[in-house]
Amino acid sequence: MSDVNKILLEENEIPTQWYNILADLPAAMPPPLHPGTHEPATAEDFGPLFPKALIEQEMTAERYVDIPEEVLDVYKLWRPTPLFRAHRLEKELDTPAKIYYKYEGVSPAGSHKPNTAVPQVFYNAKEGIAKLTTETGAGQWGSSLAFACAQFGLECEIWQVAASYRSKPYRRTMMEIWGGKVHPSPSTVTEYGRSLLEKDADHPGSLGIAISEAVSEAVADEDTRYALGSVLNHVLMHQTVIGEEALLQMNKVGAVPDVLVGCTGGGSNFGGLAFPFMREKLSGNINPVIRCVEPKACPTLTKGEYRYDFGDTAGLTPLMKMHTLGHDFVPEPIHAGGLRYHGMAPLVSHVYELGLVEAISISQKECFEAGVLFAKTEGIVPAPEPTHAIAAAIRVALECKESGEEKTILTALCGHGHLDLASYEKYLKGDMVDIDLDQSVIDEALSTVPDIQG
Ligand SMILES: *Cc1c(COP(=O)(O)O)cnc(C)c1O
C-alpha cells in the first residue's frame with residue numbers, strides 16, 4: 001500500500017470544516033491594535049475593510065468553522081487535491097527517506113490561493129458587497145481573487161507590484177480573462193501611488209505599497225471591501241483544508257510525518273498544511289518537526305524582529321504583532337515574488353515564539369536547483385516559492401542518506417510554475433544571482449517601525 005504514487009480522496013471526503021488552531025494553543029495571541037490609538041482593534045475598526053462574517057472568523061476562538069455549501073461546491077472544481085509520494089525523487093537522491101507532497105497546483109489559478117479567495121468572495125457577496133480590491137505580487141493572489149469574483153458576480157480591482165506587472169504579462173491576462181481590472185503599483189489611481197511616482201517614475205513597487213493602494217480605494221467606497229491573500233487568521237484557517245485532506249491521505253497509507261516543511265511568504269500555505277498536524281502534535285498523537293522555509297533575501301522569521309508593525313507601507317492597516325523586517329523594507333526582486341513580504345502571519349509568528357515550529361532560510365539558486373531536479377524526476381515544474389520547501393525537503397532526505405534514517409517527510413507543493421518560466425530560463429542560462437542581504441538594510445527598515453511595548 002505504501003508503494004502508491006498518488007493518494008486520492010473522493011469528492012465527499014473534502015473536509016466540511018476549517019480548523020482554527022487558536023482554540024488549541026497553550027498561550028493567547030497578542031491582539032491587533034488600532035493604527036491611531038494603539039488600543040486593541042475592535043470589530044468596528046475592521047468594518048470598512050472586511051465583511052462581518054470574515055471579521056468574526058478573524059476573531060473567533062471556535063475550534064471548527066463550517067464550510068458553507070456554496071463554497072464546497074466551488075471547491076469541488078479542483079478539490080480534493082492529490083497527495084503524491086515522490087518515489088522518483090527519492091530514488092534520484094538515493095535516500096531511505098520517504099517524501100510526500102500535497103499538490104495545490106491543480107486549482108484554476110495554479111496554487112493554494114483559491115482555497116481562501118472563494119470563501120472570502122462568498123461572504124462579501126452574501127453581505128451585498130459589489131466590488132473587492134486587492135494587491136498581488138507574482139499574480140497568484142490577484143488571479144485567484146479574480147477567479148472567485150467571477151464565480152459570485154463581484155467586480156475585482158487589483159494592484160499588481162509594478163516589477164511583476166512588467167515581467168509577468170500572462171498573469172495579468174489571466175486576471176483580465178476572469179474579469180479583473182489590473183493596475184501597476186504604484187499607480188496613478190491613488191494619491192499615495194501618485195506621490196511615489198513623483199519621486200521615482202520607474203518605482204518597482206512592493207507588496208506593502210500595493211496593499212496601501214488597495215486598502216485606500218476600499219475604505220473610500222461603501223460598497224467596496226478589501227481582500228488579503230495571506231497573513232490574517234481567517235486566511236490561514238481557510239487554508240487548513242489542505243492539511244485536513246493531507247491527514248486523511250497520510251492515514252490511508254499509514255504514513256506519519258517525522259518532518260513537515262513548507263515555504264512561508266505570509267504563512268498561509270504553510271499554516272494550511274501544518275496546523276492540522278500541529279493539532280495532532282499538541283494532543284500527543286504524532287511528533288513531527290515542523291519547519292518554515294523562507295528566502296535568504298526576505299528572512300522575516302530568521303532575521304526579523306517580533307514586534308507590532310503595519311501590514312502595509314503607508315501605515316493604514318491595524319498594527320499586528322508579527323515577525324517583521326519593517327514595513328518600509330523593500331525586498332530585492334528575487335524570483336519567488338510570493339515570498340517577498342516584510343511581515344509574517346501573526347499566527348505563524350506566535351507559534352514560532354512558542355517553539356512549536358522552526359525556521360530556516362535558503363538562497364534562490366539552491367531552490368531553483370531543487371526545482372529543476374524535482375521537475376526532472378516527478379514531472380511537475382514547481383512555482384519558485386515552493387522550490388524553497390522542496391530544497392529543504394531534499395536537505396533532510398540527504399541527511400537521511402548519511403545517517404541511514406528512514407524519515408517520512410511531508411511538504412506542500414503549493415503551486416506550479418507554468419507562468420514562471422522566465423525565472424527558470426534565467427536559472428538555466430546561469431544568469432541567476434544569490435542576493436546577500438546586509439544587516440544594515442534590515443536595521444534601517446526596522447528603525448521606522450513604531451515603538452510599541454507588548
Ligand atoms: C502566494 C504564494 C505563496 C506565499 O504565500 P503564503 O501565504 O506564505 O503561502 C507561496 N507559494 C505560492 C505558489 C503562492 O502563490
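A polar contact here is a pair of N or O atoms within 3.5 Å. Keep that cut-off handy for the exercises below, and remember that this is a predicted model.

**Exercise 1.** Work out which residues make polar contacts with oxygen atoms of the ligand.

*Solution.* Start with serine 268: a polar atom in its side chain sits 2.7 Å from a ligand oxygen. That is within 3.5 Å, so the pair passes as a polar contact. Next, take serine 230, where a side-chain N or O atom is 2.5 Å from an oxygen atom of the ligand. Glycine 267 joins in through its backbone, with an N or O atom 2.9 Å from a ligand oxygen. Now look at cover: on its own the ligand has 380 Å² of accessible area, and the protein covers 96% of that.

**Exercise 2.** Describe the ligand's surroundings: where does the ligand sit, and what kinds of residues make up the shell?

*Solution.* First, the place: it's the largest cavity. Then count the neighbours: 16 residues surround the ligand, with Lys113, Ser230, Gly265, Ser268 and Asn269 the closest. Sort the shell by type and you get 11 polar, 3 nonpolar and 2 charged residues.

**Exercise 3.** Find out which domains supply the shell around the ligand.

*Solution.* Begin with the assignment: domain 1 is 6-14 + 72-110 + 234-434, and domain 2 is 50-66 + 113-230. Their C-alpha centres are 23 Å apart. In the contact between them, domain 1 puts in 38 residues and domain 2 puts in 37. Back at the ligand, each of these two domains gives at least three residues to the shell.

Definitions and conventions. Residues are numbered from 1 along each chain as its sequence is written. This is a predicted model: local features need pLDDT of at least 70, side-chain atom pairs count only at pLDDT 80 or more; totals for chains, interfaces and linings use all residues. Side-chain values use heavy atoms; hydrogens and water are left out. A residue is near a molecule or strand if one of its heavy atoms lies within 4 Å of it. A polar contact is a pair of N or O atoms within 3.5 Å; within protein, one must be able to donate a hydrogen and the other to accept it, and residues adjacent in sequence count only if both atoms are side-chain atoms. Accessible areas come from the Shrake-Rupley method with a 1.4 Å probe; for residues, only the protein chains shown count as cover. On a 1 Å grid over the protein atoms alone, a cavity is a set of points where a 1.4 Å probe fits but cannot get out, and a pocket is an open set with protein on both sides within 12 Å along at least five of seven lines; lining residues have an atom within 4 Å of a point. A molecule sits in a cavity or pocket if more than half of its atoms lie within 2 Å of its grid points. Ala, Val, Leu, Ile, Met, Phe, Trp, Tyr, Cys and Pro count as nonpolar, Asp, Glu, Lys and Arg as charged, and the others, Gly among them, as polar. Domain bounds come from an automatic or database domain assignment. Contact means heavy atoms within 4.5 Å.
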